[in-house]
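Here are my notes on the model you sent, arranged as numbered points. Please read them with the sequence and the structure open beside you.

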Amino acid sequence: MRVEVVAPAALTDRDLTAWRLLRARSGAPASPFMEPEFTRAMGRVSPAARVAVLRRGEEPVGYFPHERGPLGRGRAIGIGVSDCQGAILAPGLGITARELLTASSLTTWRFDHLEAGQDLFAPAAAESFDSPVLDLREGYEAYERALRASSPAFLRTTRAKERRLERQRGEVRFVHDERDPAALRTLMEWKSAQYRRTGRGDRFAKGWINELARLLHGSTAPGCSGVLSVLYAADRPVAAHFGLRSRTVLAYWFPAYDPEFARYSPGLILLLRMARASAAAGTHLLDLGRGPARYKESLSTGRLTVQEGSATRPGVGAALHWAGREPARRVHRFVRDRPRLAGYARRTLNHIGRLRAG
């Protein structure tokens, strides 16, 4: 087997077709983050983006997208914004994780959303996390019946707030796929303000994330395209979400709302509208992503699993990676597993955010 490492832009049409076929045959949910279009978009915003292409003779049998840093320290493509990660491989290749890293000139490969079923890298996982989903395979009405059985009060309250929003602030209108770039800018401004308000790092302060969102918003590729959904009241945007969709999966990515309308829970109204429109468009899963949140527990009707960890091969780079990452991971896990301590940490972050805003 031959392995060649190339920039994403160097992938040929034959590679793109083979990649898509391998994904389709894997049986995994069709996450847009695992499609070649996402890797090619990352190649336009990250000089470190690479793809290891595996071939048997002239036949492509695998693709391993990654980003390469100093000393061969690699990471998942788009880590920090990608909600599904791994290699795209034909079954029965007989390659090990260490062999793939060696062929890719990597000493480590760090991941935080490893896809379930990535057996090559699963032994390197340190932790597993739930990624709640809205199961829309039977249509929106079936989803709503399940939601009404599991969270009846939540659904009633959200619907009542939507009616109150319309009575008090004007006609409510929903656009599932808003193409106006100004609406995307509004979402980014809201999201940046939310990050600052809650004491978290502003992702949209990073130029590459800004550019990636704009690139994907302009994409219409069936396997990975940006979809911007907006909720309006009297033609004023009150909530928005920008995510990525494939033919059957919508990844919930960047939601935000105008704080002036917070008492109406516009983000939840928007999410239910998105679920209905997505189901009508043939979406099977709306993936809410890793991380605890009350609304996820109330709205979800299923779970995916993602993992965090690092695959390594012996060397200085791997040792430096362990020293730089593992102690912080253990501290984070210690805090997360203790609700009182985690609550204190969240309150501290919010206080820092208020100080910054002031």
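1. In what follows, a residue is called buried when its relative accessible area is under 20%, exposed when that area is over 50%, and partly exposed in between. Please keep in mind throughout that this is a predicted model.

2. I begin with Q307, which belongs to strand β13, residues 302-312. Its relative accessible area is 17%, and because the limit for a buried residue is under 20%, Q307 is to be read as buried. Leaving out residues up to four places away in sequence, Q307 touches F111, D112, H113 and L114, and also A122, A125, E127 and S128. A further relation across the chain is that with A124: the two residues are 183 apart in sequence, yet their C-alpha atoms are 9.3 Å apart in space.

3. Some of the residues just named lie in strand β6, which covers residues 108-115, and this strand also holds W109, one partner of an aromatic pair with F121 in the loop between β6 and β7 (125-135). The ring centres of W109 and F121 are 4.5 Å apart and the planes stand at 40°, so this pair is classed as tilted. The two partners are twelve residues apart, and the pair links distant parts of the chain. How accessible is W109, buried or exposed? W109 has 0% relative accessibility and therefore counts as buried, and F121, also with 0% relative accessibility, counts as buried.

4. A second tilted pair is formed by Y140 and Y143, with 5.9 Å from centre to centre and 50° between the planes. Both tyrosines belong to helix α4, residues 140-150, and because they are three residues apart there, about one helical turn separates them. Y140 is buried at 3% relative accessibility, and Y143 is buried at 2%.

5. The search of the whole structure gives 13 aromatic pairs, and I would draw your attention to a cluster in which ring pairs link F33, F38, F204, F242, W253 and F254. Two members of this cluster return below: F38 takes part in a helix contact, and F254 is in contact with R203.

6. Charged side chains also meet aromatic rings in this model. The charged end of R173 sits over the ring of Y232, at 4.3 Å from the ring centre, and the charged end of R290 sits over the ring of F129, at 3.6 Å from the ring centre.

7. As to helix packing, helix α2 (residues 36-45) and helix α7 (residues 207-217) have axes that come within 9 Å and cross at roughly 135°. The two helices are therefore oblique to each other, and the crossing is right-handed. On the α2 side the contact is made by F38, A41, M42, R44 and V45, and on the α7 side by W208, E211, L212, L215 and L216.

8. Helix α7 also packs against helix α6, residues 181-197, with the axes 11 Å apart and an angle of about 145°. This crossing, too, is right-handed. Here P181, L184, R185 and M188 of α6 meet N210, A213, R214 and H217 of α7.

9. Between α6 and α7 runs a loop in which R203 lies. With 32% relative accessibility, R203 counts as partly exposed. Its contacts, leaving aside neighbours within four places in sequence, are G80, V81, Y195, I209 and F254. R203 and S192 are eleven residues apart in sequence, and the distance between their C-alpha atoms is 7.2 Å.

10. Finally, two backbone angles deserve a look. Most residues other than glycine have a negative phi. S105, however, is not a glycine and has a positive phi of about 60°; its place is in the loop between α3 (97-103) and β6, and with a relative accessible area of 39% it is partly exposed. D235 likewise is a residue other than glycine with a positive phi, near 65°. D235 is found in the loop between β9 (225-233) and β10 (236-245), and its relative accessible area of 56% makes it exposed.

Conventions
Residues numbered from 1 in each chain as written. Predicted model: local features only at pLDDT ≥ 70, side-chain atom pairs only at ≥ 80, totals over all residues. Heavy atoms only, no water. Phe/Tyr/Trp six-rings, centres within 6.5 Å; stacked < 30°, edge-to-face > 60°. Helix = DSSP H or I, 4+ residues; strand = E, 2+ residues; numbered from the N terminus. Buried < 20%, exposed > 50% of the residue type's maximum accessible area, 1.4 Å probe, protein only. Lys NZ or Arg CZ within 6 Å of the ring centre and 35° of its normal. Axes fitted to C-alpha atoms, helices over the stretch in contact; angles between N-to-C directions. Parallel < 35°, antiparallel > 145°, perpendicular 65-115°, else oblique. Left-handed = near helix turned anticlockwise from the far one by under 90°. Contact = heavy atoms within 4.5 Å.
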